[in-house]
Amino acid sequence: MERLRNFINGEYCEPSTGEYIDNFEPATGKVYSLIPNSGAKDVQKAVDAAEKAYPIWSKMSNEKRSQILVKLSEGIEARMDEFTKAESRDNGKPLSLAAHVDIPRAVSNFHFFATAILHFASESHNMEGVGVNYTLRKPIGIVGCISPWNLPLYLFSWKIAPALAAGNCIIAKPSEVTPYTAYLLGQVAKDAGMPDGVLNILHGEGHTVGDAIVKHPKIKAISFTGGTKTGEYIARTAAPMFKKLSLELGGKNPNIIFDDCDFDEMMKTTLLSSFANQGQICLCGSRIFIQRGIYEKFKEEFVEKVGALLVAEPNNPKAKLGAVVSKSHMEKVLSYVDLAKEEGGTVLTGGVQVQMEAPFEDGYYLRPTVIEGLSYDCRTNQEEIFGPVVTITPFDTEEDVLMMANSTVYGLSTTLWTSDLKRAHRMANEVHAGIVWINSWLVRDLRTPFGGVKASGVGREGGWEALRFFTEPKNVFVKY
Ligand code: NDP
């Protein structure tokens, strides 16, 4: 059985504990590789390597760093097939999704930040007759990057690319559930000419190695994407150590559909925004609000189309949904279907596990699920499920739907469907969200800020925001 290894100081190595954890293939439910069960000693080893590498990397010219990162992005591109297959196998997502979204977007992220650093400028403030201030932007030092399982390499690259471009050294940990593409990345970085110790990738559990990263005094910033509860714990631990924190957390996003929308376009996109990646994208719209005039029409067509979505093993090119990421996650999602029924909801389609034929009979497959008849404030409509489950709820007025949309503790993204321009702007201004898509979904411009409000997080990723996060401003005043 293949054993993954940590990547420390430019070399693959065994964990200090000598222990390994099973890595399951969601499509079959079988163990297919072993992951290092790293601990605090591995973090220390990585920090030692990063400390040595920091003067070299931080003082390297932006042009040189940029060249290495461009090579890194090209290195992933050159191994596109291998990365795509690895991502799909590790996560359970359809191969086509990994090929069209995950890996190409990770390549773009590295390329974007490799070139963005060449254009990153700092400010100066002139004081007439007195002097001038200029602001330097210095790398922070050693930073920790911790990422989740749903878009493994893509979200990993959101952190690593800007952190490296800005001149920091990194101790990174992918999710224990989906470590494989991060494992491959070490070699690509080395081949691209990244100096040893700049990028260190550790594998293992959040509460052990993840915790050791968060608590290490020499790791000066933590960029974390994951669940709100974990984010809360990390904030509680890191804040008294005065670490810089970027937290991208959970969501319960509304998809608001007015009766004047382009119905066909909305329907096509709503199928994706509900169930892409088995609903395991933090930006999926899991609460669908439909204006009453088109509620019945929407319900009929949506339920029919959802019922026809093919759930299949990830290598099937026709698969619209693959397997969810783990057995425990599948059980969590199914428990929410039970809860929805207890809360008075009616399952219109789905709500069950899909029994596949051998060799996929133990895989984690769920039918995409649509539920109606729930109040906006019940637990099913307030808590993050993070699976292929959506609820549909009718509304009458803008005020009603705004109240329902804004009623959760979360505020990551919102999707709005309407042909009324004024209403679109009015709603976009009022919804509690860091990201609003009007008549679209998941369109990303890498220059724009990405992140949420309320319990969906603190700080923003993307564009200059990410480069600002991974640098410290230092103001210098010179007297005339
Ligand atoms: P978790 O919070 O469980 O884990 C995220 C990462 O943190 C994993 O690498 C995990 O390791 C690690 N971790 C867990 N506990 C600790 C700890 N005590 N100290 C340090 N690290 C720790 O989230 P999931 O992986 O389950 O991801 C799903 C969540 O991520 C959802 O809530 C989703 O909404 C959110 N998300 C948010 C996004 C955003 O941009 N706002 C984007 C994508 C997802 P391990 O896996 O080994 O436990």
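R89 is partly exposed, with a relative accessible area of 39%, where buried stands for under 20%, exposed for over 50% and partly exposed for the range in between, computed with a 1.4 Å probe on protein chains only. This is a predicted model, in which local features need pLDDT of at least 70 and side-chain atom pairs count only at pLDDT 80 or more, while totals for chains, interfaces and linings use all residues. Residues are numbered from 1 along each chain as its sequence is written, and side-chain values use heavy atoms, with hydrogens and water left out.

**Salt bridges**

The side chain of R89 forms a salt bridge with that of E25, a term that requires a side-chain nitrogen of Lys or Arg within 4 Å of a carboxyl oxygen of Asp or Glu. R89 belongs to helix α3 (residues 80-91) and E25 to strand β4 (residues 20-25), so that distant parts of the chain, 64 residues apart, are linked by this pair; helices (H or I, at least four residues) and strands (E, at least two) are DSSP runs numbered from the N terminus. E25, at 15% relative accessibility, counts as buried.

By this rule the count comes to 19 salt bridges, and three of the pairs are set out below.

| Pair | N to O distance |
|---|---|
| R89 and E25 | 3.3 Å |
| E461 and K159 | 2.7 Å |
| K268 and E265 | 3.8 Å |

In the pair of E461 and K159, E461 lies in the loop between β20 (457-458) and α15 (463-469) and K159 lies in helix α5 (residues 152-165), so the bridge ties together parts that are 302 residues apart in sequence. E461 is buried at 5% relative accessibility, and K159 is buried at 0%. K268 and E265, by contrast, are 3 residues apart in helix α9 (residues 263-275), which puts about one helical turn between them; K268 is exposed at 54%, and E265 is partly exposed at 35%.

**A buried arginine without a salt bridge**

R65, placed in helix α2 (residues 62-78), is buried yet has no salt bridge, and the nearest side chain of opposite charge, that of E63, is 8.3 Å away; for this purpose Lys and Arg count as positive and Asp and Glu as negative, with His and the chain ends not counted. Apart from neighbours within four places in sequence, R65 is in contact (heavy atoms within 4.5 Å) with W57, S58, M60, I117, L164, A165, A166 and G167.

**Pocket and cavities**

On a 1 Å grid over the protein atoms alone, a cavity is a set of points where a 1.4 Å probe fits but cannot get out, a pocket is an open set with protein on both sides within 12 Å along at least five of seven lines, and lining residues have an atom within 4 Å of a point. Volumes are the space filled by probe spheres set on the points, which are joined across faces, edges and corners.

The largest pocket holds about 1200 Å³ of space, and its lining comprises 44 residues, with W149, F224, G226, G227 and T230 nearest its centre. The elements giving two or more residues to this lining are α7 (206-215), β11 (219-225), α8 (228-238) and α11 (327-342).

The whole structure contains 5 cavities of 30 Å³ or more. The largest cavity has a volume of about 120 Å³, and of its 14 lining residues G251, C284, S286, E384 and F386 are the closest to its centre.
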